[in-house]
Amino acid sequence: MAALVAVIGGSAGATLLRRAWADRLRERVGLIVSGWAVLAGTVLLDAAWVGRVKGSALAVAGIGVAALIVMFQGRTVRAARAGRSASLAPEPLEGPSKAWRGWLKALLAGPLGMTAAMGIAFCYATWAPGDPRTRIIIGGLLMPIAWALAMTWTLADQRLLRSLAVLLGTTVAGFTLAAMRGLV
Amino acid sequence: MKTIGKQDAPRGWPLSPATVRAVLSGHGILGLAFAAIIYLVCLTGTLAVFAHDIARWEQPDAPSITAFAPGALDRAVRSAQESGPAHATLYVSLPSLEEPEASIIAYTPALHREWAPDRNGTLTERRTPIADFLVDLHVALHLPRAWGGFIVGLTGVALLSSLMSGILAHPRIFKDAFHLRRGGTRRVQEADLHNRLGIWALPFHVAIALTGALLGLSTLIVGVLAMLLYRGDTAKVYGLFTEAPPAINAVAAPLPPLEPMLAEARRRGGSATPHQLIIERAGRTDARLTVSSERDRLLVPQDTTIFDVKGNVVKDRHPADLVLGTRMLGGIGQLHFGWFGGLPVRLLYGLLGLALCIVTSRGVTIWLARRRDRGRAVPLWERLWAGIAWGQPLALALVGVTGLAAPAHDGLLIWIWMAATAGSLTIAGAAKGFDASNGAVRVRRLVAASTLALALVYVITRPIGLSGIAMELALLIGAGLLFRHPATKPRREGHAAA
C-alpha cells in the first residue's frame, strides 16, 4: 500500500510540475510549489506510515517511477528533421589535447582524487564530534562523495597544476590531521 | 512574465556557459571511460534485486515454509552442524508469512554450504547457481573480493561523478524535465531519453551509486584507516562494530534447545519478531548464539539477544541502544539492493535499475551520434558498443540456460559468460557491414530469442510452481517487448512543450 501511495503521490506531483513547465512563457510558481509540495508530502506520508528510512526510500523509488510514467505519457512524436534542437543544446568543449594532459587528468581524477577524498573522510572520522562508529560510517559515505566531486572538478578544470596542488594539499593535510588525532 | 532563451542558463544556475561546456566534456570522458563497466554493474544489479526470486525460481523443489514444527529447528541445525564444514558459523534465516522459506548457511572463509530446511527440519541442499552468479558478478565481478570490490566501488564513484556532472552540465534540466521527443533526429531523441530518465530517477540513482561505492570500497577504507591509526590491524576497526568474541573454551558442549531462546528473544523484543539466528563455535563450551529480531518500521533487524551455550542471556540490545553509525551500517546493504518492503519495492528498484542501464547505454549512443553528425563517425566503436549493450543481456541469458540445464556445474557459468562476452565483442567488431540502427534490431531479436530459450529450458527442466509461473511470465513479457519495434506512433503532435 505504501508503494501505491508513493506512485499515486508521485504521479500527482509530477503532473502538476509537467503542467507548470510546459508553459515556456510564464513562470507558473503556484503549480511548481504545489508539485514539489505534493512530492515532499508523499515522502513524509510514507515515512510516517512505514518508518522514516524505509518509507523515505520506498517513496523516492515510487515517485521516480511515477514521474517517468507521467513523462512517457506526455512524450511528443515528431518527424525527423535536421539537428536544429541539437545545435541549441550545450556542446562539450572539444579540441586537440596533449597526451600528457590526459594522463595527468586520469591521475588527478583517479588515485589523487581518491587519496584526497580519504584525507577528508579520515579527518572527519577523527575530528568530528560524536561516537567513533558514527563518525567512521559518515566519513565512509563522505569518501565516495568527495572522490566523485574531485573527479567532476578535475575533468572539467583546465588548470591542472591548481587541481594537483589542491588534491595533494588536501591529502597531506587530511592524513596528517587524522594521524595526529586518532580515533578518540 | 519572462521569456527564457534556449541557450541561457536559468536564473541562479551556478555555472557560466564555458564552465558548463567544460563539465559536459568531463561528463563525456568519464562516461565513455566507465560506460561498459557501469552498464554491466547496473544490469547485474538490476537482476540482483530479484536474486531471492531467481533462487526460488531455479530451485522450485526447495521447501517453502512459514514456520517450523515443534523441535524441527533443533533437528535442522544439528543436521547442518554435522554436514557442514568443521568450525563453521551457522546462519539460520527463520521463515515468516512474508518470506515463506528458511535457510541455514554453514560458513567458513574457505567453504560454505547452504540448505533449505522443511517444516520438519529435513535439509535440502540449496543449489542456486544463477542467482549466486549474478550477485557475485555484481558485487565483485567474480574477481578476488578485495580487487573486485574495489573495481565495483570505483565504478560507483564514477557513476556518482557522472550524475553530478550530468546535472551541472544541463542548466535546463528541471525546466525540460518532461520534454521527451521521439521520432526526431537520433541524437535529440537519445539525448532526451538520457536526460529525462536521468533526472527523474536521480535521487534513486545517487543513493544506489553512493551505497554501492561505499560497499565496494569498504575493504580499502578500513585497510587504510587501520594503517593510519592501528598499524594495519583491521580487526581493531571491525571490532568497533562487532561484539568481542567470548573467551576461548574448546571443551565439547551440546547446543541448548533453540526454541526457548527464540521465545525469550521475542519476549524481550516487544513488537520485534526473530528473523535470524547466528551460532558461532557450535558444539563447544564457548559457543555464542545471537538472535536478531526485526520490526515492521525498521529497514533492518536492530534487536539482538545474545545467549551462551547454556541458553542464558549474555547481552540484550534494542534500537534505542544502538548508535547512529551502527544503524546506518546495517541499512546500507538493504537500501542498495532493495531487499526490504517486499515485491513492490523490488519491482520499483528493478524499473529504476533498468532506467539506469538505459541512461548509461544511451549516453554512449549520444556520443557516437554526435561524432557521426560531425562527419567523424567511429563505426568500430558503434559496433563494439552494440556488442556490449546487447551482448551482455545475451551472455546473461546463456548463463541462465546453462545454470538451468546443469545446476551442479556452477563453475561453468563464468566461462560461459566470458565466452559469450568475448564472442559478442569479436563478432560485433569484425562485422563491418553491421549498421548501428538496423543491426541493433537484429541483435535485440537475438536477445529476445535467448530470453524465450531461457523460459523454454525452464519448462523442460523444472516443475512449474507459483514462483516459476511468475518468472516465466516476466520472461515472456520481456521477450515480447524486445521483439516489438520501438513505438513511433504519434500521441500528441505539436504539444506545447515541443
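In this predicted model, a bridge links the two chains at A:Val77, whose partner is B:Arg182 in β5 of chain B. The strands involved are β1 of chain A, residues 76-77, and β5(B), and they pair in the parallel sense over two bridges.

That pairing belongs to a wider meeting of the chains, with 84 residues of chain B in contact with 66 residues of chain A. On the chain B side, the elements that put in two or more residues are α1 (17-48), α5 (145-168), β5 (181-182), α6 (186-200), α7 (202-229), α10 (324-337) and α11 (342-373). Of these, α7(B) gives the most, with twelve residues. Sorted by class, this side of chain B comes out at 52 nonpolar, 19 polar and 13 charged residues.

One helix pair across the chains can be followed in detail. Helix α6 of chain A, residues 132-156, and α10(B) have axes that come within 6 Å and cross at roughly 45°. That crossing makes α6(A) oblique to α10(B). The residues that meet here are A:Arg133, A:Thr134, A:Ile136 and A:Ile137 from α6(A), and B:Leu324, B:Gly325, B:Thr326, B:Met328 and B:Leu329 from α10(B). By class, this contact has five nonpolar, three polar and one charged residues.

Another of the chain B helices on the side touching chain A is α11(B). With 32 residues, α11(B) reaches 46 Å from its first C-alpha to its last, close to the 46 Å expected at 1.5 Å a residue. Just after this helix, B:Gly375 takes a positive phi of about 75°.

Chain B also holds an open sheet of eight strands, in the order β4-β3-β2-β1-β6-β7-β8-β9, with antiparallel pairing. The edges are taken by β4 and β9 of chain B; each has a single partner strand, so one side of each is left without a neighbour in the sheet. On average, neighbouring strands of the sheet are turned by 20° against each other, direction ignored.

Starting from the β4 edge, three bridges join β4(B), residues 123-125, to β3(B), and the two run antiparallel. Here B:Trp115 stands opposite B:Glu125, while B:Pro117 has B:Leu123 as its bridge partner. Five residues lie between the strands of this hairpin, and B:Gly121 in the turn has a positive phi of about 90°. Next along, β3(B), residues 112-117, is joined by four bridges to β2(B), residues 103-107, again antiparallel. B:Trp115 turns up here too, as the bridge partner of B:Ile104. The hairpin of β2(B) and β3(B) has four residues between its strands.

At the other edge, β8(B), residues 303-307, and β9(B), residues 313-317, pair in the antiparallel sense over four bridges. B:Ile306 has B:Lys315 in β9(B) as its bridge partner. These two strands form a hairpin as well, with five residues between them and a positive phi of about 85° at B:Gly311 in the turn. Helix α9 of chain B, residues 258-269, lies across β6 (273-280), β7 (288-294), β8 and β9 of chain B, and runs at about 45° to β7(B).

As for chain A, the domain assignment gives domain 1 (2-73) and domain 2 (99-181). Taken over C-alpha atoms, the centres of these two domains are separated by 35 Å.

Notes: Residues numbered from 1 in each chain as written. Chains lettered and ligands numbered in written order. Predicted model: local features only at pLDDT ≥ 70, side-chain atom pairs only at ≥ 80, totals over all residues. Contact = placed C-beta atoms within 7 Å. Nonpolar A, V, L, I, M, F, W, Y, C, P; charged D, E, K, R; others polar. Pairing = 2+ DSSP bridges. Expected span 1.5 Å × (residues − 1). Axes fitted to C-alpha atoms, helices over the stretch in contact; angles between N-to-C directions. Parallel < 35°, antiparallel > 145°, perpendicular 65-115°, else oblique. Domains from an automatic or database assignment.
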